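Trainee: I would like to take a close look at one part of this protein, namely its salt bridges, and I would be glad if you could then lead me from there to a few other places. Could you go slowly and give the reason wherever there is one?

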Amino acid sequence: MNNNHFDKNGKTVAFLTLGCKVNSYETEAMQKLFEDEDYQVVDFDSKADVYVVNTCTVTNIADRKSRQMLHRARKLNENATVIAVGCYVQAAKDVLEQDDAIDIVIGNNKKNKIIDILKEYNQGKNIEDEAVIDLSIEAKYEPLMIESVTEKVRAYIKIQDGCNQFCSYCIIPYARGRVRSRDEESIMEEVQNLVTKGYKEIVLTGIHLTSYGIDLDERKESKLLALIVNLSKIEGLERIRLGSLEPRIITEDFAKTLAVNKKFCPHFHLSLQSGSDETLKRMNRKYSPKEYFEKCELLRKYFDNPAITTDVIVGFPGETEEEFNETKQFLAKVAFAQMHVFKYSKRNGTRAYSMPDQVKEEIKAERSNILIDLNAKMMEDYHSSFIGKSERILVEEIIEIDGKQYQIGHNERYVKLAINAEKSLINQIVTVNVIKDLTKEIMFCEIMD
């Protein structure tokens, strides 16, 4: 790092976000901090005085992409201040500090100090010791707040950071640290402000959302459930969604309470990764396929046709043909609304990196294609279950398909629906009748009187 690139009077800033929805939220929060200092936000491909790249480190490929984007920022303006923030910084601080393309590195739990750090840098002060902290020791939740988001109708709300799970393939507990939860009062205030500005839907998100509140209260009941109940009392808030969950949070009380909450959207992204007991053990996942299936059945007991979606990793070290077939059969048994299929990617610093019996890339690709085909069939089946039914769509945007314009949104179960309408209905909830598939992802509907 050096202090030769910056223009002390520069007042334009560009942002690029890599990775998850938590990163997106944090970028929005950092953008607000810059706007409060009278910076003008410009597109990342434009010439800017400051570039902020919110990095990801979930795979080696994410590391490489993060470096590429930082170097791209430098090429866009040789005299700009290039700032690397986030997970890749946390995991590879020493490497990035030696990179001449980067001026400032800021780790997790320090993003809220980005303006102060930039000012000190511009004054020629040494900032290296304070911009990246050790997250393996206990830390408090980093206070960040948003007032608006890029999406017009839906706001992602970060309520938790860190993870204590240490899955054998995952670097995130090292990059994000231990579980840290945001206090409920701060969340309620932020959501209330967003609703006042017209946002009708929120999505609660975090690095390990299921762990929300375990650092705040040792009692057994779910702090996440209590938060949802309290948020649903906010007048004007129409919909509450959840990000990715672990199966263990699905209890009788959890499902029963949410099933009678009219604002809660019955879309559950339950992280699975494998349907093989032995593979799950090597992954250090904390459940069995049998336990997972019981949670899905519990959801279907209390919710009518809930959307249950998941993530699956194929080709994890040691995954035999028999284990893969167990996974395939289990996925078909659960009958997901949608799956995201990933080929296992080695990540330095994780236990799985050096595990024996690494699976060949061509086998990973073959298994991935099989599950992608299965996903297409399951999505088609789930979508078909809505034909002829009345649904409520929150209209989000206007897009063109085959030369025709449609207004697009989602129902409560996160199925994407399209309507024809002459006037804009964006950010309105409309009752529709589902007619047919328009594309593989979108269903066509008619507005009901």
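Mentor: What follows begins with the salt bridges and then turns to the cysteines, two unusual backbone angles and some places on the surface.

Please keep in mind that this is a predicted model. As a starting point, side chains of opposite charge can pair when their charged atoms come close. A search of the whole structure finds 30 salt bridges, and a few of them are worth following one by one.

Let us take Glu201 and Arg239, whose side chains meet in a salt bridge with 3.5 Å from N to O. This pair links distant parts of the chain, since Glu201 is in strand β8 (residues 201-206) and Arg239 is in strand β9 (residues 239-242), 38 residues apart. Glu201 counts as buried because its relative accessibility is 0%, and Arg239 is likewise buried, with a relative accessible area of 1%.

A second pair is made by Glu412 and Arg392, whose side chains form a salt bridge with 2.8 Å from N to O. Glu412 lies in the loop between β14 and β15, while Arg392 lies in strand β13 (residues 390-401), so the pair ties together parts that are 20 residues apart in sequence. Here the two partners fall into separate classes of accessibility: Glu412 has a value of 16% and counts as buried, whereas Arg392, with a relative accessible area of 35%, is partly exposed. The cut-off that decides this is 20%, because buried means a relative accessible area under that value.

Which residues are linked in a network of salt bridges? They are Arg154, Glu201, Arg239, Arg241, Arg392, Glu396 and Glu412, so that you meet the residues of both pairs again in this list.

Another salt bridge joins Lys111 to Glu26, and the closest N and O atoms of this pair are 2.3 Å apart. Lys111 lies in the loop between β5 (104-106) and α5 (114-122), and Glu26 lies in helix α1 (residues 21-36), so the pair ties together parts that are 85 residues apart in sequence. Both Lys111 and Glu26 are buried. In the loop between β5 and α5 you will also find Asn112, which counts as partly exposed because its relative accessibility is 22%. If you look from Asn112 to Cys87, 25 residues apart along the chain, you will find their C-alpha atoms separated by 15 Å.

That brings us to the cysteines, where the count of disulfides comes to zero. For Cys167, the closest cysteine sulfur is that of Cys170, and the two sulfurs are 6.2 Å apart, which is too far for a bond; the reason is that a disulfide needs two cysteine sulfur atoms within 2.5 Å. Cys265 is also in no disulfide, and the nearest cysteine sulfur, that of Cys445, is 16 Å away. As for their surroundings, Cys167 is buried with a relative accessible area of 10%, and Cys265 counts as buried at 1% relative accessibility.

Next, consider the backbone. Most residues other than glycine have a negative phi. Asn305, although it is not a glycine, has a positive phi of about 50 degrees, and Asn427, also not a glycine, has a positive phi of about 70 degrees. Asn305 is found in the loop between α12 (289-302) and β11 (307-314), and with a relative accessible area of 24% it is partly exposed. Asn427 is in the loop between β15 (416-419) and β16 (429-437), and with a relative accessible area of 17% it is buried.

Finally, turn to the surface, where Asp277, Glu291, Glu322 and Glu326 gather in a patch of negative charge. One of these, Glu326, has its place in helix α13 (residues 321-334) and counts as partly exposed at 31% relative accessibility. Lys404, in strand β14 (residues 404-410), counts as exposed because its relative accessibility is 52%, the cut-off for exposed being over 50%. The C-alpha atoms of Lys404 and Asn420 are separated by 9.1 Å, and these two residues are 16 residues apart along the chain.

Methods:
Residues are numbered from 1 along each chain as its sequence is written. This is a predicted model: local features need pLDDT of at least 70, side-chain atom pairs count only at pLDDT 80 or more; totals for chains, interfaces and linings use all residues. Side-chain values use heavy atoms; hydrogens and water are left out. Helices (H or I, at least four residues) and strands (E, at least two) are DSSP runs, numbered from the N terminus. Buried means under 20% relative accessible area, exposed over 50%, partly exposed in between (1.4 Å probe, protein chains only). Patches are made of residues with over 30% relative accessible area and no salt bridge: like charges are joined within 9 Å, nonpolar side chains (Val, Leu, Ile, Met, Phe, Trp, Tyr) within 5 Å. Accessible areas come from the Shrake-Rupley method with a 1.4 Å probe; for residues, only the protein chains shown count as cover. A salt bridge is a side-chain nitrogen of Lys or Arg within 4 Å of a carboxyl oxygen of Asp or Glu. Lys and Arg count as positive and Asp and Glu as negative; His and the chain ends are not counted. The place of a charge is taken as NZ of Lys, CZ of Arg, CG of Asp or CD of Glu.
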